[in-house]
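Open the model in your viewer and keep the sequence panel beside it. The stops below can be selected one after another.

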Amino acid sequence: MDRRKAYLSELTELVGCQYTGDDRIINGLNLCNRPTVYESILGYTTSELFFDAIFANTHISALVLTEELYEKLKQMAEIEKRKMSYIITDHPELLFYRLQNKLCKDTVFYQRDGKKTVGKNCKIHPTAVVEDGVVLGDNITIGANSVVREGTEIGDGTYIGCCSVIGEDGFQAIHGMEEHIYHSGGVKIGRGVTIGNNSSVCRSLFEGATIVGDYSKIDNQVQISHNCVVGNHCTICVGSMLLGTSTLEDGSYIAPGSIIMNQKTVGEGAFVGIMSYVNKSIKPHQEVFGIPARKLPTL
C-alpha cells in the first residue's frame, strides 16, 4: 500500500471481509454523490435513491452495499458498461467508516507531506500549537491557546484569535459506530481572513479542503463544519453554525446565532437575520429571517 494507492484486496484485508470482481487500485474513499479529484474511488450505498449518483460518478470503481442492493444494481442497464467491484455486507455504512479509520490510523494511505512552513513576520503566541504539515503565509497572527492542525493552509495577513481550532476532525455520527471517525481532508484559509476566539473550522471528511475565502470575517464562537465553503468577503457573526457541506457565496452575511443546515447554499450578497434557521438554500441578495428562515414581506 502506498500514499493514495491501494489494491481493493488490501482494503478488504484491513476490515476482514471479501470482495467480488477485479482487484482494482483505489485512490480514495468518498460519498457517491460528491465530486472527486481521484481517478478511482471506493464508495458505499444504503439505498436505491443513490443509484443515479452512482451511474453519474464514473470515478467509482468499487462499492460497498448489501446483497439486496447488489442484486438490484446488477440488473440496471446503466451499470452493465461499468466494470465495478463490490464489497457485500449487511452494514455498508459501518464497514465503510471502519475502513476509513483503519486507513487513517494504521496505514500510509492518507500520509501527508509533514513539512511545516511559516512565512515572514508571523506572530504566533508561545501557547499556540502549529502542527507539522501546516503551511502559513506571511504576516499571520495566531493567539494564545489556538491550535492549527496538519493539512491546513493559511494565506497572508490572516488573524486567528485565542482558543480557536483550525483543522480538527468534523463531527460524524454513524449508528453502531462507537469509535471516533477520523477525517482525512484539510482546511484552506485565504488572505486577510479574521477568525475570532473559541471558533472552529473543521477539516474535510475524505479529500479536498474546507474553504474560507479571502477577507472573510468570522466572529467568536463560530462553528464551520467539514466540507463547508465560505466565499470571499463573507461575514459570520458570533454563535453561528455552518453544518457540513454548506456554502456561503461571496459577500453573504450571517447574523448572530444563526444556523445553516447541511448542503444548503446562501447566495451571493444574501443576508440571514439574527438567530435564523436556514433549512433551504437562499437566493443571491435575498434577505431572510426567522425559524425557518424566510423572505421578509415588503412593508
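The tour of this predicted model goes from a helix to a sheet and then to the nonpolar cores.

**Stop 1: helix α4.** Select residues 92-106, the 15 residues of α4. Put a distance between the C-alpha atoms at its two ends: they are 21 Å apart. This agrees with expectation, because 15 helical residues at 1.5 Å a residue should span 21 Å.

Now show the side chains of α4. Its buried residues are Pro92, Leu94, Leu95, Phe96, Tyr97, Leu99, Gln100, Asn101 and Leu103. To see what covers these buried residues, add α1 (8-15) and the strands β3 (28-29), β4 (41-44), β5 (60-65) and β6 (85-88), which are among the covering elements.

**Stop 2: the open sheet.** Colour the 10 strands in their sheet order, β8-β11-β14-β17-β20-β23-β26-β29-β31-β32; the pairing is mixed. The edges are β8 (123-124) and β32 (294-295), each paired on one side only.

Zoom in on β8 and on β11 (residues 141-142). These two strands run parallel and are joined by 2 bridges. Select isoleucine 124: its bridge partner in β11 is isoleucine 142.

**Stop 3: the cores.** Which members of the largest nonpolar core touch the most other members? Select Ile224, Ile236 and Leu248, which hold that place among its 34 residues.

Stay on isoleucine 236. Beyond its neighbours within four places in sequence, isoleucine 236 is in contact with Lys217, Ile218, Asp219, Val222, Ile224, Val230, Leu242, Leu248 and Ile254.

Finish at a second, separate core of 25 residues, including Ile26, Leu29, Phe109 and Tyr110.

Terms used:
Residues are numbered from 1 along each chain as its sequence is written. This is a predicted model: local features need pLDDT of at least 70, side-chain atom pairs count only at pLDDT 80 or more; totals for chains, interfaces and linings use all residues. Side-chain values use heavy atoms; hydrogens and water are left out. A nonpolar core is a set of buried Ala, Val, Leu, Ile, Met, Phe, Trp, Tyr and Cys residues joined through side-chain atoms within 4.5 Å. Buried means under 20% relative accessible area, exposed over 50%, partly exposed in between (1.4 Å probe, protein chains only). Contact means heavy atoms within 4.5 Å. Helices (H or I, at least four residues) and strands (E, at least two) are DSSP runs, numbered from the N terminus. The expected span of a helix is 1.5 Å times one less than its number of residues. Two strands pair if DSSP finds at least two bridges between them.
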